[in-house]
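This briefing goes through the empty spaces, aromatic rings and nonpolar cores of one protein chain. Please look at the structure first, then read the points beside it.

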Amino acid sequence: MSRTTRRRTLAVLPAALLLALVPGSASAYPNPGTVTGDIVVHDPSMVRTSSGQYLLYSTGGNLQLRTSTDRTAFGRSGSAFSAPPGWWKNYSSASDPWAPDISYHGGKYLMYYAVSSFGSNTSAIGLAGSATGQPGSWTDYGTVYTSNASSDYNAIDPNLFVDDDGKWWLSFGSWWTGIKMIRIDPSTGKQYSGDTARRSLASRPTGTKAVEAPTVVKRNGYYYLFASYDTCCAGTGSTYKVKVGRATSVTGPYKDRDGVSMLSNGGTPVLESHGRYIGPGGQSVLADSDGDLLVYHYYDGQDNGTPKLGVNLLNWSSGWPVAY
């Protein structure tokens, strides 16, 4: 079945059947939609331009760019930065940023990203802007938020959310005490001086601290917080999975389908390992012309655990996102 046919078929499924797709076991999770070309990526974030081109940025290589005209075939198109800004070396000896978050606001593309080293919370979130989103066009605006060895949070994995009332919010975090949120000034893209609170959205106070990579969207009157749980970056040994909670306020409290707070290990599964598709996570959500897309990486169990691009549509008819 082609990708287009698959989309059309699923689009006309009755709501009751879509509800039956809510995963009860790992075998119920969908395989990624068909993507081809240069799809070895980590932490993908994607936008669609006004001309219909898809820009997909990911971790590594000074933030690698892949482009597509049909959301299926992707080709490498260079990197956001030709050379690392000097401040990166204060947070990573490798000077290679992670986890970009690209969006379009105020007449330009914005990209928040993280600079750190693995396992450290001496970290920083940076910001760059571009009129076109293309390689070599980005102007770096420096740091937005930082953490250090004495912090109880980690300033990586940023995600910008712009609310209906025009307020901007940045969620971020990895391990330690979990997912945080700060308010952003739309005029600068940096922290809003009139509200400097650092709010907590999700954490795992018992057991592993492994929750990271937040994504916030608003659908049907609710705010939804997607996050990656457990361990990434271990190839076929990765245990990453995507979970979600929802709230009536952007700052929470976020609870899962069973009413468990995301501040207390809560989270409703959206996508987990199944078959060759191991450790899906590092997700972002793109509102496209045919629906919302969950964009993520997984580790390919049939290719030595190589990280690859995964894309699925999301159905919201149950009040909760269901990947298909």
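Does tyrosine 145 count as buried or exposed? Tyrosine 145 counts as buried, because its relative accessibility is 10% and the cut-off for buried is under 20%. The model is predicted, and every value below is computed from it.

**Aromatic pairs**

- The count of aromatic pairs comes to 17.
- One of these pairs joins tyrosine 145 and tyrosine 153, whose ring centres are 5.9 Å apart. The angle between the two planes is 40 degrees, and the pair is classed as tilted.
- Tyrosine 153, the partner of tyrosine 145, also counts as buried, because its relative accessibility is 8%.
- Tyrosine 224 and tryptophan 316 form an edge-to-face pair, with 4.7 Å from centre to centre and 65 degrees between the planes.
- This pair links distant parts of the chain, since its two residues are 92 residues apart. Tyrosine 224 belongs to strand 15 (residues 222–229), while tryptophan 316 is in the loop between strand 20 (306–315) and strand 21 (322–323).
- Tyrosine 224 has a relative accessibility of 1%, so tyrosine 224 counts as buried. Tryptophan 316 is at 12% and therefore counts as buried too.

**Other ring contacts**

- One aromatic cluster is made of Phe81, Trp87, Trp88, Tyr91 and Tyr113.
- Lysine 243 has its charged end over the ring of tyrosine 229, at 5.1 Å from the ring centre.
- Arginine 246 lies over the face of tyrosine 222, and here the distance to the ring centre is 3.8 Å.

**Nonpolar cores**

- In soluble globular proteins, nonpolar side chains tend to be buried together.
- The largest nonpolar core here has 18 residues. Tyr57, Phe81, Tyr113 and Trp138 touch the most other members of this core.
- Strand 3 (54–58), strand 7 (108–115) and strand 8 (123–130) each supply at least two residues of the largest core. Strand 7 gives the most, with 4 residues.
- A second core, separate from the largest, has 17 residues, among them Tyr29, Val242, Leu314 and Ala323.
- Phe81 and Tyr113 appear both in the aromatic cluster and in the largest nonpolar core.

**Cavities**

- There are 2 cavities of 30 Å³ or more, and the largest cavity has a volume of about 150 Å³.
- The lining of the largest cavity has 15 residues, and those nearest its centre are Ala99, Pro100, Pro158, Gly282 and Gln283.
- Strand 6 (98–105), strand 14 (211–219) and strand 18 (277–288) each give at least two residues to this lining.
- By class, the lining of the largest cavity has 6 nonpolar, 6 polar and 3 charged residues.

**Pockets**

- The largest pocket holds about 590 Å³ of space. Its lining has 28 residues, and Ser103, His105, Val285, Leu286 and Ala287 are the closest to the centre of this pocket.
- Five strands are named for the lining of the largest pocket, each with at least two residues: strand 2 (45–48), strand 6, strand 10 (159–162), strand 14 and strand 18.
- The lining of the largest pocket divides into 14 nonpolar, 8 polar and 6 charged residues.
- The second largest pocket holds about 350 Å³ of space. Trp98, Phe118, Glu212, Cys232 and Cys233 lie nearest the centre of the second largest pocket, out of 21 lining residues.
- The lining of the second largest pocket has 9 nonpolar, 8 polar and 4 charged residues.

Terms used:
Residues numbered from 1 in each chain as written. Predicted model: local features only at pLDDT ≥ 70, side-chain atom pairs only at ≥ 80, totals over all residues. Heavy atoms only, no water. 1 Å grid on protein atoms, 1.4 Å probe; cavity = no way out; pocket = protein on both sides within 12 Å on 5 of 7 lines; lining within 4 Å. Points joined across faces, edges and corners; volume = space filled by probe spheres on them. Nonpolar A, V, L, I, M, F, W, Y, C, P; charged D, E, K, R; others polar. Phe/Tyr/Trp six-rings, centres within 6.5 Å; stacked < 30°, edge-to-face > 60°. Buried < 20%, exposed > 50% of the residue type's maximum accessible area, 1.4 Å probe, protein only. Lys NZ or Arg CZ within 6 Å of the ring centre and 35° of its normal. Core = buried A, V, L, I, M, F, W, Y, C linked by side-chain atoms within 4.5 Å.
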